[in-house]
Amino acid sequence: MYRIVASITSLQQHLDSLANNPVIYRPRVCPHCSFGQLWCHGCYERKADRTGSASDSLNPIPIPRFLCQGCHQTCSRLPECIAPRRWYSWSLQQIIILALLAECSLLRCSRQCGLDRHTIRRWWSELKEHHHAFALSLRMRFPELGRSVDFTDFWQNCLQMMSLSEAMTWLDREGIIVP
Ligand SMILES: [Zn+2]
C-alpha cells in the first residue's frame, strides 16, 4: 500500500508541510477500493519523536487521515521519516544495519545505541527475511544495484546510494509492505 509520502525527511518538515501544504498527503485513490475521492478526516497521533527531551519534544506528531467517499474506509499517509510499523526512526535503523553489515556484533550495537538486543536482532532477521523481494524490486528501479554479489554487498551499496528511508519509500511505492 502506498503509505509513505516521499521527501519529508524530518519531523519538523512534516509539521510544516501539514500546516502549509496538507494536500500533498492526500492519496490519489483509495487503497481499499481505488475510488478517487478522499476527504480529510482529522489526524491520529504518534509519539514519533524519540530524540528530544520531554521539554523540547515535538510529540505528539499528527498523522493525517482520509475517508473514502466510495467505501467509507479510512486510510492515512506517513512522512518518509516515520517507519510504518516500528517505534524507532529509519535513520537509527540505518545506523544499526550499517554497523551489522560491517560485522559489528549484536551485543556491541545494543550497548553503543542503548537499544534492546532483541529489537536489533528482529530488525536484522526481518531484513534478511525480506531481502529477496526488496532486492528484486530495488534492482529493477536502480539497475546499478544488480552488480551486488550478496546480501552484505547489496545493502552496503544500496545504503551508499540512498538512505534506508528512501529505499523503503521506493518499495512502498511498488506496493511492497515495508517494516
Ligand atoms: Zn475506498
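**Entry 1: the zinc site**

I looked up the protein donors of the zinc ion in this predicted model. I found Cys30, Cys33, Cys68 and Cys71, each giving its SG atom and lying 2.3 Å from the zinc ion. I then checked the geometry: the angles among the 4 donor atoms run from 104 to 113 degrees, and the site is tetrahedral. Along the chain, I read the spacing of the donors as C-x2-C-x34-C-x2-C.

I next asked which parts of the chain Cys30 and Cys68 belong to. Cys30 sits in the loop between α1 (11-20) and β2 (38-46), while Cys68 is in strand β3 (residues 61-68), so this pair ties together parts that are 38 residues apart in sequence.

**Entry 2: burial of two donors**

Are these two cysteines buried or exposed? I noted a relative accessibility of 2% for Cys30, which therefore counts as buried, the cut-off being under 20%. Cys68 is buried as well, with a relative accessible area of 0%.

**Entry 3: the cavity**

I searched for enclosed space and recorded 1 cavity of 30 Å³ or more. The largest cavity holds about 50 Å³ of space. I listed the residues that line it: Arg86, Trp90, Gln93, Ile97, Trp123, Glu126, Leu127, Phe134, Leu164, Met168 and Pro179.

Which elements give two or more residues to this lining? I identified α2 (90-101), α4 (117-141) and α6 (164-173). The largest share comes from α4, with 4 residues. Sorting the lining by class, I obtained 8 nonpolar residues, 1 polar residue and 2 charged residues.

Notes:
Residues are numbered from 1 along each chain as its sequence is written. This is a predicted model: local features need pLDDT of at least 70, side-chain atom pairs count only at pLDDT 80 or more; totals for chains, interfaces and linings use all residues. Side-chain values use heavy atoms; hydrogens and water are left out. On a 1 Å grid over the protein atoms alone, a cavity is a set of points where a 1.4 Å probe fits but cannot get out, and a pocket is an open set with protein on both sides within 12 Å along at least five of seven lines; lining residues have an atom within 4 Å of a point. Grid points are joined across faces, edges and corners, and a volume is the space filled by probe spheres set on the points. Ala, Val, Leu, Ile, Met, Phe, Trp, Tyr, Cys and Pro count as nonpolar, Asp, Glu, Lys and Arg as charged, and the others, Gly among them, as polar. Donors are N, O and S atoms within 2.8 Å of the metal (3.2 Å for Na, K and Ca); water is not among the atoms, so sites may look incomplete. Four donors count as tetrahedral if all angles lie between 85 and 135 degrees; four count as square planar and six as octahedral if opposite donors are over 155 degrees apart and all others between 65 and 115; anything else is irregular. Buried means under 20% relative accessible area, exposed over 50%, partly exposed in between (1.4 Å probe, protein chains only).
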